[in-house]
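Me: I'm new to reading protein models, so please take me through this one step by step. Start with any term I'll need.

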Amino acid sequence: MLAAGVAGIAFPVTASAAAPAFPKGAVIRGVLKDYAPDDIGGGATLFHEHLSLARDFLMRFGRYTADTNAAAGLPPPAAAPDDLSFMQDPDLLAAELTAARREGVGCIVDGGHPDMGRNINFLRQLSMKAGLPIVAGGGFYTQPFYPKDLGTMSEDQIVRALIRQVETEPVGVFGEIGSWDYMTADERKVFRAIGRAHLATNLSIFTHTGIPGKAALEQLDILEDVGVKPERVVIGHLGNLVDPTVQVHKAICKRGAYVGFDRLGGPADEPQVPMVMALMNAGFADRVMLSSDLSRPNAIKRNGGPGYAKTLTVFLPKLKAAGATDDVIRQMTVDNPRQFLAFVPKTRRPA
Ligand SMILES: [Zn+2]
C-alpha cells in the first residue's frame, strides 16, 4: 500500500544538490566507442535490458523455472510468449530503439553475454543504425546456463576467462551475473571470480537474483569479501522482493550498493512504487536504479507492447503520481546509472 501523505513530503536534499562527479579518465564503454560520462547525460540510461539473446533462451529459462518450481512443490510458471526471433532482426530492433530514443532513452545496457547467446556484432549494428549508445555486458549468467566445463574450472581459470572476454570484446560492465535459486557452489565460485575480474579490469557489476530476491545479501557479501567496493555493484531484480518496509533493500543501500528495480513498466509496477518511494524518503534516491529487463516479444511496439522505453513511459508516471519530483527522477534514471557505469579502464579497449 502507498503510505498516506507521501505526496506532501518535501524530499531531503539529496537529488538536485550535486551534479555527479566522475574520476579523471573515467569512461562509459559502448560497443562502438568509449564515451565521456557527460556525453550520456542527455537522456536516461537503462542499466538492464536485452537486445541480443539466443533464439531459445526464454524456452530454456521457462523449462528451468518449471524444474525449480517442481522441486519446491510449486506450480509451473504461467505460459508467456518466448520466441526470440525479433532479436535476430536488426532493422526491426533499430526501429524500436529509435522510438525509445525519442521517448527519452540516452543509453541502453545489454545484460547478456556469450552463455546467453548475446552477439556483440549485432549490438554494434543496432547502436549504429539507431544512433544510440549501447553498453555490452560480460560474464557468466547462472548455474543452468553455464558452459559445460565451468564446474571443473578453477576460480583462477574463471577469472582468466572473464578477463579474456573483456580483452576480446568491448564489454562495458559485468552483468547480468546471477544465482538461479539458492546459490550453488559453482555460482559462489563465479561470484568470487567476477569480483576478482572487476579488480583487474575496473568494470562495474550488476546481478540477477532468483525470485523473490533470493541470495541478494549473499551476493554482496561474496563480492565485498574479495575486495569489491559496494558502490560498484547493483543487486538486481529486487522489485521481486515485495516488502513495504524495504528491509533488505535498505540494508543494501546502507552498505553503499545500488538496488535494482529492473522489471518495470507493467502490471507488476503497483507494489514497487511504494518501495521506491520508501527508499527515496529514507534518503536513498542515490542508490536506486530503474530498468525493465525487456526480453519478451510481446513487449516491443511492433507487437503492440510499450517498447524499450517502458521504464520511462509506463513506470515513471506512476512514480510521479506518488510524489517523486523531477530532480529525483533525473537522479535515478540519468545520474545514478552513469555514476555506476563510469570506470577508469585498466585494460586496453579491444579493436
Ligand atoms: Zn536480464
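Reply: Helices (H or I, at least four residues) are DSSP runs, and they are numbered from the N terminus. Keep in mind that this is a predicted model. With the term in hand, look just after helix α8: G283 sits there with a positive phi of about 90°.

Me: Is helix α8 mostly covered or not, and how many of its residues are buried?
Reply: Helix α8 takes in residues 272-281, which is 10 residues. The buried ones are Q272, V273, P274, M275, V276, M277, L279 and M280. So α8 is mostly covered, since buried means under 20% relative accessible area, and the number of buried residues in α8 is eight.

Me: What do the buried residues of α8 pack against?
Reply: There are both helices and strands on the list. The strands are β9 (258-261) and β10 (288-290). The helices are α7 (247-255), α9 (310-321) and α10 (326-341).

Me: Is D269 buried or exposed? And which residues does D269 touch?
Reply: D269 is in the loop between β9 and α8. Its relative accessible area is 0%, so D269 is buried. Skipping residues up to four places away in sequence, D269 touches L264, V314, F315 and K318.

Me: On to helix pairs. Are α4 and α5 parallel, perpendicular or oblique?
Reply: Helix α4 covers residues 155-168 and helix α5 covers residues 185-201, with their axes 8 Å apart. The two pack at an angle of about 50°. Roughly parallel would need an angle under 35 degrees and roughly perpendicular 65 to 115. That's why α4 counts, relative to α5, as oblique.

Me: Which hand does the crossing of α4 and α5 have, left or right? And how many charged residues does the contact of α4 with α5 have?
Reply: α4 passes α5 in a right-handed crossing. From α4 the contact uses E155, D156, I158, V159, L162, I163 and V166, while α5 brings K189, V190, R192, A193, I194, R196, A197, A200 and T201. Sort the residues by class and you get 10 nonpolar and one polar, with the charged ones numbering five.

Me: Some of those numbers go up by three or four. Why do residues three or four places apart point the same way in an α-helix?
Reply: Count along one turn of the helix. It comes down to the residues per turn, so the value to remember is 3.6.

Me: At what angle do α2 and α3 pack?
Reply: These are residues 90-102 for α2 and 120-130 for α3, and their axes lie 9 Å apart. The pair is oblique, therefore neither roughly parallel nor roughly perpendicular. α2 passes α3 in a right-handed crossing. The angle between them is about 50°.

Me: Which residues of α3 make the contact with α2?
Reply: α2 offers P90, D91, L93, A94, L97, T98 and R101. By class, the contact has seven nonpolar, two polar and three charged residues. The α3 side is made up of F122, Q125, L126, K129 and A130.

Me: M87 lies between α1 and α2. What is the relative accessible area of M87?
Reply: M87 is in the loop between α1 (57-71) and α2. Leaving out neighbours within four places in sequence, M87 is in contact with H50, L51, S52, L53, L93, F122, L294, S295 and Y308. M87 is buried, because its relative accessible area is 2%.

Me: Which residues touch the most other members of the largest nonpolar core?
Reply: The largest nonpolar core has 95 residues. Another core of 16 residues lies apart from it, with Y35, V109, M289 and F340 among them. In the largest one, the residues touching the most other members are Y308 and L319.

Me: Where are the cis peptide bonds you can point to, and what is omega for I211 and P212?
Reply: One cis bond joins G175 and E176, with omega about -10°, and E176 is in strand β6 (residues 171-178). Another joins I211 and P212, where P212 is in the loop between β7 (205-208) and α6 (216-225). For I211 and P212, omega is about -5°.

Me: V246 has a positive phi, and it isn't glycine. What is its value?
Reply: V246 is in the loop between β8 (233-235) and α7. It counts as buried, because its relative accessibility is 2%. The phi of V246 is near 40°.

Conventions
Residues are numbered from 1 along each chain as its sequence is written. This is a predicted model: local features need pLDDT of at least 70, side-chain atom pairs count only at pLDDT 80 or more; totals for chains, interfaces and linings use all residues. Side-chain values use heavy atoms; hydrogens and water are left out. Axes are lines fitted to C-alpha atoms, for helices over the stretch in contact, and angles run from 0 to 180 degrees between N-to-C directions. Angles under 35 degrees count as roughly parallel, over 145 as roughly antiparallel, 65 to 115 as roughly perpendicular and the rest as oblique. A crossing is left-handed if the near helix is turned anticlockwise from the far one by less than a right angle, and right-handed if clockwise. Contact means heavy atoms within 4.5 Å. Ala, Val, Leu, Ile, Met, Phe, Trp, Tyr, Cys and Pro count as nonpolar, Asp, Glu, Lys and Arg as charged, and the others, Gly among them, as polar. A nonpolar core is a set of buried Ala, Val, Leu, Ile, Met, Phe, Trp, Tyr and Cys residues joined through side-chain atoms within 4.5 Å. Buried means under 20% relative accessible area, exposed over 50%, partly exposed in between (1.4 Å probe, protein chains only).
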